[in-house]
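Colleague: I have a complex open here. Please take one loop and the helices on either side of it, and go through that part closely. Then tell me how it sits in the whole, and how far to trust it.

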Amino acid sequence: MSNNSQFEQALQQDLYSLETRADAQDIFALAQARNQALAQSRSPSKKLLWPTLGASLASVFFAVLLVNGPSWQMFNPTESDGLFTDPDSSILLSEFDADSIELYEDLDFYYWLADTDVEGGS
Amino acid sequence: MSNPMAVANDETKLAYQSQEEFLKHIERRAFNMARLGTSDRDVAMDIVQDSMYKLVEKYSAKPPAEWKPLFYQILNRKLTDYYRRKAVRDKIFVWTKAQSEDEQSLSEVADRTPGRPSETPDEMMMRGQRIARLSESVQRLPHRQRQAFMLRCWEGLSTIETAHVMSCSEGSVKTHYSRAMHRLRDMLEDYRHEQ
């Protein structure tokens, strides 16, 4: 057997014997730790805790939403909101808008017309 | 790197019928390893307890052959976390870097040896002294070398299993282990003559 493995074996033996030197206090603490660790596997699983909690909170949220009802005004604007307009008036508005656009587009022409009128008049 | 779980020996498969049996078998060694690594009894106990918790919580469903590498993997991660926290703490509180009480008590642990029934009082005393020296020498090893030494020499894990536990290559394990043995041989020069 090589010196290396002899040395290794000697270390191994001493390390094993170190294990037998544990205090009664340490042995008790280790046994307690082991039992506590094993007890958690016997208790109901904590894995389902968060999904269950999340689902419960979500259902409570939707229940509150249904009971109070959403603000339907958001979807049905009224006159008081200033968003609702009469269909006829909206047509008028759109016509007015179309005229205004034409006016702006031909603004140069009207300026020229005004200038020629002034020159013709003078 | 091949999967160490696949090469876990049959002895392990047969040895542990339950996690309780496995933990009972491994707890003292794990505690001593953690104690050598941390030089603090209470911290070592906490680390072993946390490792047991995690093994039971996360890996109960795994086959018994995988428990040992998994347990040591958890233990080593916890030890590494402890070293990192300690390094930060030591940087912040430089003035509290005094030697811990437990560091001194390691040699006291060695003194409380029951020894082997066949050993004479002189032999028991010699062994106690050797173990105290060995403990101090192991504590002086760098972290990765100590890990490799404890897993290979003490726990008897294969190179593949140790590599898996240490999350490194087999080559690194061999290097760490070889360096650890060289350093220990240097530190324990007269160790062999006392056998």
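Modeller: Start at B:S39, which has 19 other C-beta atoms within 10 Å and is therefore partly exposed. Buried would take 20 or more. Keep in mind throughout that this is a predicted model.

B:S39 lies in the loop between α3 and α4 of chain B. Its phi is positive, near 60 degrees, and the residue is not a glycine. Most residues other than glycine have a negative phi. That is a reason to look at the backbone here.

Chain B has another such case. B:S167 has a positive phi near 55 degrees, again in a residue other than glycine. B:S167 sits in the loop between α9 (159-166) and α10 of chain B. The surroundings of B:S167 hold 11 C-beta neighbours inside 10 Å, so B:S167 counts as exposed. B:S39, by contrast, is partly exposed.

Now step back into the helix before the loop. Helix α3 of chain B covers residues 19-38, and B:S39 with its positive phi follows it. The helix is kinked by about 40 degrees, with the centre of the kink on B:I26. Of its 20 residues, 14 are buried, so α3(B) is mostly covered.

What does α3(B) pack into? The largest nonpolar core has 45 residues, and α3(B) gives the most to it, with eight residues. Nonpolar side chains tend to be buried together in soluble globular proteins. Three residues touch the most other members of this core: B:A34, B:V48 and B:L75. Take B:A34. Leaving out residues up to four places away in sequence, B:A34 touches B:A44, B:I47, B:V48, B:L75 and B:L79.

Two of those partners, B:L75 and B:L79, are buried residues of α5(B). Others buried in α5(B) include B:W67, B:F71, B:Y72 and B:I74. So are some that are not hydrocarbon side chains, among them B:K68, B:Q73, B:N76 and B:K78. Helix α5 of chain B runs over residues 64-92. Does the length of α5(B) come out as expected or not? At 1.5 Å a residue its 29 residues should span 42 Å, and the end C-alpha atoms are 43 Å apart, which agrees.

Next, the helix after the loop. Helix α4 of chain B takes in residues 41-59. B:R41 is in this helix. It has 21 C-beta neighbours inside 10 Å, so B:R41 counts as buried. B:R41 is ten residues along the chain from B:F31, and their C-alpha atoms are separated by 8.5 Å.

Further along α4(B) comes B:Q49. B:Q49 is buried too, since 21 other C-beta atoms lie within 10 Å. Its C-alpha atom is 9.5 Å from that of B:L75, 26 residues apart along the chain. B:Q49 also reaches across to the partner chain. Setting aside neighbours within four places in sequence, its contacts are A:A33 and A:A37.

That leads to the interface. There, 33 residues of chain B are in contact with 23 residues of chain A. On the chain B side, the elements that give two or more residues are α3, α4, α6 (101-111), α7 (121-140), α8 (143-154) and α10 (170-187). The helix α3(B) gives the most, with nine residues. The chain B side divides into 16 nonpolar, six polar and eleven charged residues. So α3(B) leads both in the largest nonpolar core and on the side of chain B that touches chain A.

The partner is helical: chain A has five helices and zero strands. Of its 122 residues, 8% count as buried.

Finally, trust. Chain B averages a pLDDT of 79, and 76% of its residues score at least 70. Among its elements, α10(B) has the highest mean pLDDT, at 92, and helix α1 (residues 4-7) the lowest, at 44. Over residues 1-14 of chain B, pLDDT stays under 50. The model still has 21 contacts beyond four places in sequence for that stretch. Where pLDDT is low, predicted coordinates should not be read in detail. Chain A averages 74, with 64% of residues at 70 or above. In chain A, helix α2 (residues 24-42) has the highest mean, 87, and helix α4 (residues 87-105) the lowest, 65. For the complex, the predictor gives an ipTM of 0.71 and a pTM of 0.62.

How values were computed. Residues numbered from 1 in each chain as written. Chains lettered and ligands numbered in written order. Predicted model: local features only at pLDDT ≥ 70, side-chain atom pairs only at ≥ 80, totals over all residues. Bend = angle between axes of the 7 residues up to and from the residue. Helix = DSSP H or I, 4+ residues; strand = E, 2+ residues; numbered from the N terminus. Buried ≥ 20, exposed ≤ 12 C-beta atoms within 10 Å, placed from the backbone. Expected span 1.5 Å × (residues − 1). Contact = placed C-beta atoms within 7 Å. Nonpolar A, V, L, I, M, F, W, Y, C, P; charged D, E, K, R; others polar. Core = buried A, V, L, I, M, F, W, Y, C linked by C-beta atoms within 7 Å. pLDDT = per-residue confidence, 0-100.
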